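Welcome! Have the model open beside you and try each task before reading its solution.

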Amino acid sequence: MTADLPPPDPADRSPAPASLSLALADEAATGRVAAALARALRPGDAVLLEGELGAGKTTFVRAVARALGLPEATPVTSPTFTLVQEYALDPPLVHADLYRLGDPGELAELGLEERLGADAVCFVEWGARFADALGPTTLTARFTMTGDTSRELTLTATSDRGRALLSAAGSDAFAASE
Amino acid sequence: MNVLGIESSCDETAAAVVTEGGEVLADVVASQIKVHAPYGGVVPELASRAHVRAIVPVVREAVGRLEGGLAAVDAIAVTQRPGLVGALLVGVQVAKALAFALDKPIVGVNHLDGHLLAVFLRRGPDDLAPRPAYPFIGLIASGGHTALYRVDTPADIALLGQTRDDAAGEAFDKVAKVLGLGYPGGPVIDRLAAKGDADAVPGGRFAVPMTGHAGVDFSFSGLKTAVARRVATDGVPSDEAGIADLCAAFQAAVVESLVDKCLRACAQEGVPRLVLGGGVAANRGLRARAAERCAGEGVDLFVPPLASCTDNAAMIAYAGATRLARGERDALDFGVSSRDPERRRGRFDESGALR
């Protein structure tokens, strides 16, 4: 699944895109972008999900999980109360929600740092307050409600790996899904 | 037989002593919820560290209320799943240590079995409310769970349907956050909804989730988003009456969806007995509407008192007592799990299609 993503070319002096904004008309469009992102993700990638309540963060992770092969029969429920949910996919998908977390010291109890940057793909909701404690991430995905079903999604690279991912995926897969 | 129950699966550290017949002799709950959490919905002292601090005083308090103290404990039951692993481990390790030191039998208990069987707890000599016969349909609706079960015996429990996204209690908490009402959201929305008029909301009532869906699964994320959208468009109502109307409209949609699926499960299974459990079962709007619709459809409704609906250790002790009564014992090496075991049954599969 990492084959579509070209390695960064050191000779390429053109600045990689640091940010990509997509207008998503409805949940199906969100699903297509999630699927494109799922194809581009590698183990170790971590995506911070931002956006107000109801903006579509969990919906996006559900679509990523489906794209990675999670059967419809397995619900992808909100991790607000469970804090961290893991799905045994290839790569493993970790879905965390720090909404209820009070201080960064509590992160250690979630076992999240063992998974960030390791063999799993991690999606972290409400992670901005803990950005320092979370350490390096790949992308930030910010959702804005623009209508009842429409959303604007802004993907911002937070590392070189994130910029490579955006430049590879942004040109074809994401554009095609708009 | 006196069973000491220990519960630490989520935000509450609890210990209780219950007889095999369900008589509650002691019931102690230390809640970690800080009502005035600055960041709505946050539990400031999370999980394991707070459980570690609370567990020994809570167990000591529960056992202290038992005549004969620790020597009068005949067996130990502890929540083993589902929940936060770090939190579950605190209760399980204390339970194992006690079982080993006292040389008494120990059983691990599924937290959700506890909720489903909590209706059999008897709190004091005046508690003469009728109990359901088996089988019954059980709804668990709380901040972390929303699911419907068919309970044939304490050992034969089948999942009929569950939420596909947010739990009902979570939707209450998040809508309360959107409306600036604080945490937890259930009680305050329930109180305001009683004063409000769902039909007076500008923009009209909210669609009842999942009504057109054949199965008995739930979904509350779309409703939460609809409320958030309404507030984003129109703003938070400027007066309490407007907020009360919005709460009434939101709560009406949640309640109608819950009651509708409960009665659908009763009809599908041919089981005219419904038990409500979990913290959302404390909701007065839910209780009233369930009573009304159950009466109309000839279903007997059983709603335990609040102390039995919210997380507690008495229900764990009782569920453990039913395991012990079947002759079951666990070795001291049993583990914990974050998940409910797969036990889906019933006429509909997860997609809502007839099996």
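The exercises below work through a predicted model, with helix pairs, a pocket and some backbone details as topics.

**Exercise 1. Find how α4(B) and α6(B) are oriented towards each other, and which residues make their contact.**

Step 1. Locate helix α4 at residues 168-178 of chain B and helix α6 at residues 221-234 of chain B. Their axes lie 10 Å apart and form an angle of about 5°.

Step 2. Angles under 35 degrees count as roughly parallel, so α4(B) is roughly parallel to α6(B).

Step 3. Now pick out the side chains and backbone at the contact: α4(B) brings B:K174, B:V175 and B:V178, while α6(B) brings B:K224, B:V227, B:A228 and B:V231.

Step 4. Sort these residues by character, and you get five nonpolar, two charged and no polar.

**Exercise 2. Describe the packing of α7(B) against α8(B).**

Step 1. Helix α7 covers residues 240-269 of chain B, and helix α8 covers residues 284-297 of chain B. The angle here is about 35°, and the axes are 10 Å apart.

Step 2. Is the crossing left-handed or right-handed? For α7(B) and α8(B) it is right-handed.

Step 3. On the α7(B) side, the contact includes B:V255, B:L258 and B:L263. Among their partners in α8(B) are B:L286, B:A290 and B:C294.

Step 4. The contact of α7(B) with α8(B) counts seven nonpolar, two polar and five charged residues.

**Exercise 3. Characterise the second largest pocket.**

Step 1. Start with its volume, which is about 860 Å³.

Step 2. Look for the residues closest to the centre: of the 40 that line the pocket, these are A:E27, A:T59, A:R62, B:D165 and B:S221.

Step 3. Which helix supplies the largest share of the lining? That is α2(A), with six residues. At least two lining residues each come from α1 and α2 of chain A and from α6 of chain B.

Step 4. By character, the lining divides into 17 charged, 14 polar and nine nonpolar residues.

**Exercise 4. Find the cis peptide bonds at B:P82 and B:P184, and a residue with a positive phi.**

Step 1. Keep the background in mind: most peptide bonds are trans, and most residues other than glycine have a negative phi.

Step 2. The bond from B:R81 to B:P82 is cis, with omega near -20°. B:P82 sits in the loop between β4 and α2 of chain B.

Step 3. B:Y183 and B:P184 are also joined by a cis bond, with omega about -5°. The loop between α4 and α5 of chain B holds B:P184.

Step 4. Turn to A:L83, which is not a glycine and yet has a positive phi of about 75°. You will find A:L83 in the loop between α2 and β3 of chain A.

Terms used. Residues numbered from 1 in each chain as written. Chains lettered and ligands numbered in written order. Predicted model: local features only at pLDDT ≥ 70, side-chain atom pairs only at ≥ 80, totals over all residues. Heavy atoms only, no water. Axes fitted to C-alpha atoms, helices over the stretch in contact; angles between N-to-C directions. Helix = DSSP H or I, 4+ residues; strand = E, 2+ residues; numbered from the N terminus. Parallel < 35°, antiparallel > 145°, perpendicular 65-115°, else oblique. Contact = heavy atoms within 4.5 Å. Nonpolar A, V, L, I, M, F, W, Y, C, P; charged D, E, K, R; others polar. 1 Å grid on protein atoms, 1.4 Å probe; cavity = no way out; pocket = protein on both sides within 12 Å on 5 of 7 lines; lining within 4 Å. Points joined across faces, edges and corners; volume = space filled by probe spheres on them. Left-handed = near helix turned anticlockwise from the far one by under 90°.
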